[in-house]
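Let's take a walk through the aromatic side chains of this one. Have the model open and follow along.

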Amino acid sequence: MSIDILSNHIKSQRLPVEPLTRHTTRHDLESLVWVATYCVYRKVYQLLLNRAKDDPDRTTITKAFEAEFGKVKAAEILVRRDSMVFHPALSTLHQALGF
């Protein structure tokens with residue numbers, strides 16, 4: 001779910017208002033980026049599970065994966081996505097997509 005749509009969902013739960021954000025193709029593209037990011041993290045996470053528990057790469061990826069994708073409440077997900085948007089590795093992709 002895109003950050004705009006997720007943010008609007010959180011606001012609409014607090015106040016009974018009309019949706020503030022109209023769903024567009026940009027939101028679909030952003031959702032695709034989040035799914036792709038999840039898939040990459042998940043694949044690396046699974047590959048590193050075979051390593052020793054004290055392996056620094058396994059520890060780093062496990063913590064990152066759980067921090068980024070281990071949330072279930074919409075507000076927590078929004079906070080993590082906002083922090084990821086400004087991550088240097090994703091900034092070029094977001095600029096290219098117009099976020």
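Is phenylalanine 65 buried or exposed? Keep in mind that this is a predicted model. Phenylalanine 65 comes out as buried, because its relative accessible area is 9% and the cut-off for buried is under 20%.

So who keeps that ring company? Start with tyrosine 45, which is also buried, at a relative accessible area of 15%. The ring centres of tyrosine 45 and phenylalanine 65 sit 4.7 Å apart with the planes at 20 degrees, so this pair counts as stacked, given that stacking calls for planes under 30 degrees apart. The contact links distant parts of the chain: tyrosine 45 belongs to helix α2 (residues 25-48), phenylalanine 65 to helix α3 (residues 56-69), and the two positions lie 20 residues apart in numbering.

Now turn to the other partner, phenylalanine 69. Its ring centre is 5.9 Å from that of phenylalanine 65 and the planes meet at 45 degrees, so that pair is tilted. Both residues are in helix α3, four residues apart, which means about one helical turn separates them. Phenylalanine 69 is partly exposed, with a relative accessible area of 21%.

Zoom out a little and these contacts join up: ring pairs link Tyr38, Tyr41, Tyr45, Phe65 and Phe69 into a cluster. The count of aromatic pairs comes to six.

Technical notes:
Residues are numbered from 1 along each chain as its sequence is written. This is a predicted model: local features need pLDDT of at least 70, side-chain atom pairs count only at pLDDT 80 or more; totals for chains, interfaces and linings use all residues. Side-chain values use heavy atoms; hydrogens and water are left out. Rings of Phe, Tyr and Trp (its six-membered ring) pair if their centres lie within 6.5 Å; planes under 30 degrees apart count as stacked, over 60 as edge-to-face and the rest as tilted. Buried means under 20% relative accessible area, exposed over 50%, partly exposed in between (1.4 Å probe, protein chains only).
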